[in-house]
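Good morning, and thank you for the opportunity to present. Please have the sequence and the structure in view as we go through them together.

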Amino acid sequence: GVKGAYSDAPLRPQLDLGALKDGGPHPDLAPFIRQLGQIRQHSPALRHGDFTLMHVNHQQLVFRRQTGEETVLVALNSADHPVTLELNLPESGAAFVDVLEPGATFAVDGGKLQLNLPPSWGRILAIRAYLAKAT
């Protein structure tokens, strides 16, 4: 659509709610959004923590939310190919766990975190203590 001088209605196509009720083009989207809401609900850092941009370019974004008790990294990759980023972090020796992919662990070694991001996806990394609170 094209934005008009006085309206952006063409940019907001009407949804067919009947089709969405039967699954729609992305049937896993609503449960995934619910999961993201639950992750935020269980994370003080995501709700109230200090915000720091860690990496920004046209296809990747990494930010950090931190409270006195919790650190969370959110990393997004909009590229159609996997990407590996190296981040400088003060938590040397810490192990971050991907909340979206249980079992995926990322260690900070010598103040550096090697983070592989799948194509068109992201990671929500938290210090292990977060997982004990969420379960």
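Let me begin with a question: which residue in E6 is the bridge partner of Ala95? The partner is Ala107. That bridge belongs to the pairing of strand E5, residues 95-98, with strand E6, residues 105-109, which is antiparallel and comprises 3 bridges. I should state at once that this is a predicted model.

Let us place these strands in the sheet. The sheet is open and has 8 strands, in the order E1-E2-E3-E8-E5-E6-E7-E4, with antiparallel pairing. Its edges are formed by E1 and by strand E4, residues 83-88, each of which pairs on one side only. On average, and ignoring direction, neighbouring strands of the sheet are turned by 25° against each other.

I turn now to the edge at E1. Strand E1 and strand E2 are antiparallel partners, with 6 bridges between them, and a hairpin of 3 residues connects E1 to E2. Within this pair, Leu53 of strand E1, residues 50-56, has Phe63 in E2 as its bridge partner. Is Leu53 buried, exposed or partly exposed? Leu53 is partly exposed, because its relative accessible area is 48%. On the surface, Leu53 joins Phe51 and Val56 in a nonpolar patch, and together the three have about 310 Å² of accessible area.

Moving inward, strand E2 covers residues 60-66, and 5 of its 7 residues are buried. E2 is also joined to strand E3, residues 71-77, by 7 antiparallel bridges; one of the bridge pairs is Gln60 with Asn77 in E3. Here too there is a hairpin, and 4 residues connect E2 to E3.

Let us next consider charged pairs. Side chains of opposite charge can pair when their charged atoms come close. How many salt bridges does a search of the whole structure find? The search finds 4. One of them pairs Arg64 with Glu91, with 2.2 Å between the closest N and O atoms. Arg64 is in strand E2 and Glu91 is in the loop between E4 and E5, so this salt bridge ties together parts of the chain 27 residues apart in sequence. Arg64 and Glu91 are both buried.

A further salt bridge brings together the side chains of Arg123 and Asp98, at 2.6 Å from N to O. Arg123 belongs to strand E8 and Asp98 to strand E5, and the two are 25 residues apart along the chain. Arg123 also forms a salt bridge with Glu101, where the closest N and O atoms are 3.0 Å apart. Since Glu101 is in the loop between E5 and E6 while Arg123 is in E8, this pair ties together parts 22 residues apart in sequence. Asp98, Glu101 and Arg123 are thus members of a network of salt bridges. Within that network, Arg123 is buried, at 5% relative accessible area, whereas Glu101 is partly exposed, at 40%.

Finally, a residue from the same strand as Arg123: Ile124, in strand E8, residues 121-127. Why does Ile124 count as buried? Its relative accessible area is 10%, and the cut-off for buried is under 20%. Beyond its neighbours within four places in sequence, Ile124 contacts several residues, including Leu36, Ile39, Val72, Val74, Val97 and Asp98. By contrast, the C-alpha atoms of Ile124 and Pro25, which lie 99 residues apart along the chain, are separated by 25 Å.

Thank you for your attention.

Technical notes
Residues are numbered from 1 along each chain as its sequence is written. This is a predicted model: local features need pLDDT of at least 70, side-chain atom pairs count only at pLDDT 80 or more; totals for chains, interfaces and linings use all residues. Side-chain values use heavy atoms; hydrogens and water are left out. Patches are made of residues with over 30% relative accessible area and no salt bridge: like charges are joined within 9 Å, nonpolar side chains (Val, Leu, Ile, Met, Phe, Trp, Tyr) within 5 Å. Accessible areas come from the Shrake-Rupley method with a 1.4 Å probe; for residues, only the protein chains shown count as cover. Buried means under 20% relative accessible area, exposed over 50%, partly exposed in between (1.4 Å probe, protein chains only). Two strands pair if DSSP finds at least two bridges between them. Axes are lines fitted to C-alpha atoms, for helices over the stretch in contact, and angles run from 0 to 180 degrees between N-to-C directions. Contact means heavy atoms within 4.5 Å.
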